[in-house]
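Trainee: I'm new to this one. Could you take me on a close look at a single part, the serine and what surrounds that stretch?

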Amino acid sequence: MTADPMPLADFIEFVRASPLGVVATAEPAGRPEAALLSFGVTPGGELLFNTWATSRKAVNLAANPRVAVVVGCRGPVTLQIEGTASILGG
């Protein structure tokens, strides 16, 4: 079941209030890998997270940018998001 899209301001507020979440990627052979981390969010609603360039998630996303994310590990409400990741440098 797909829920109605959340208004951008509500999404940003939710991520800022509950930044812990899980990012799921696929390693080159296709096996899933997941990691718990803390997210940031831009005013435009893009999710951000920090990781080493040599981490499993960074290596996986460089090969296959498809990603699934669950945000909100502190209460009964979570957000599930699927999309395409971009690796930013600097």
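Mentor: Sure, let's begin with a side chain: that of Ser55 reaches the backbone nitrogen of Ala58 at 3.2 Å. That makes a polar contact, meaning a pair of N or O atoms within 3.5 Å; within protein, one must be able to donate a hydrogen and the other to accept it, and residues adjacent in sequence count only if both atoms are side-chain atoms. A word on the model: it is predicted, so local features need pLDDT of at least 70, side-chain atom pairs count only at pLDDT 80 or more, and totals for chains, interfaces and linings use all residues. Residues are numbered from 1 along each chain as its sequence is written, and side-chain values use heavy atoms, with hydrogens and water left out.

Where is Ser55? You'll find Ser55 in the loop between β4 and α2 (56-63); helices (H or I, at least four residues) and strands (E, at least two) are DSSP runs, numbered from the N terminus. Ser55 counts as buried because its relative accessibility is 14%; buried means under 20% relative accessible area, exposed over 50%, partly exposed in between (1.4 Å probe, protein chains only).

Now follow α2 (56-63) to Asn60, whose side chain is joined to that of Glu33 by a polar contact of 2.8 Å. Glu33 sits in strand β2 (residues 32-38) and is buried too, given its relative accessible area of 18%. Leaving aside residues up to four places away in sequence, Glu33 touches Val23, Ala24, Thr25, Glu27, Arg56 and Asn60, where contact means heavy atoms within 4.5 Å.
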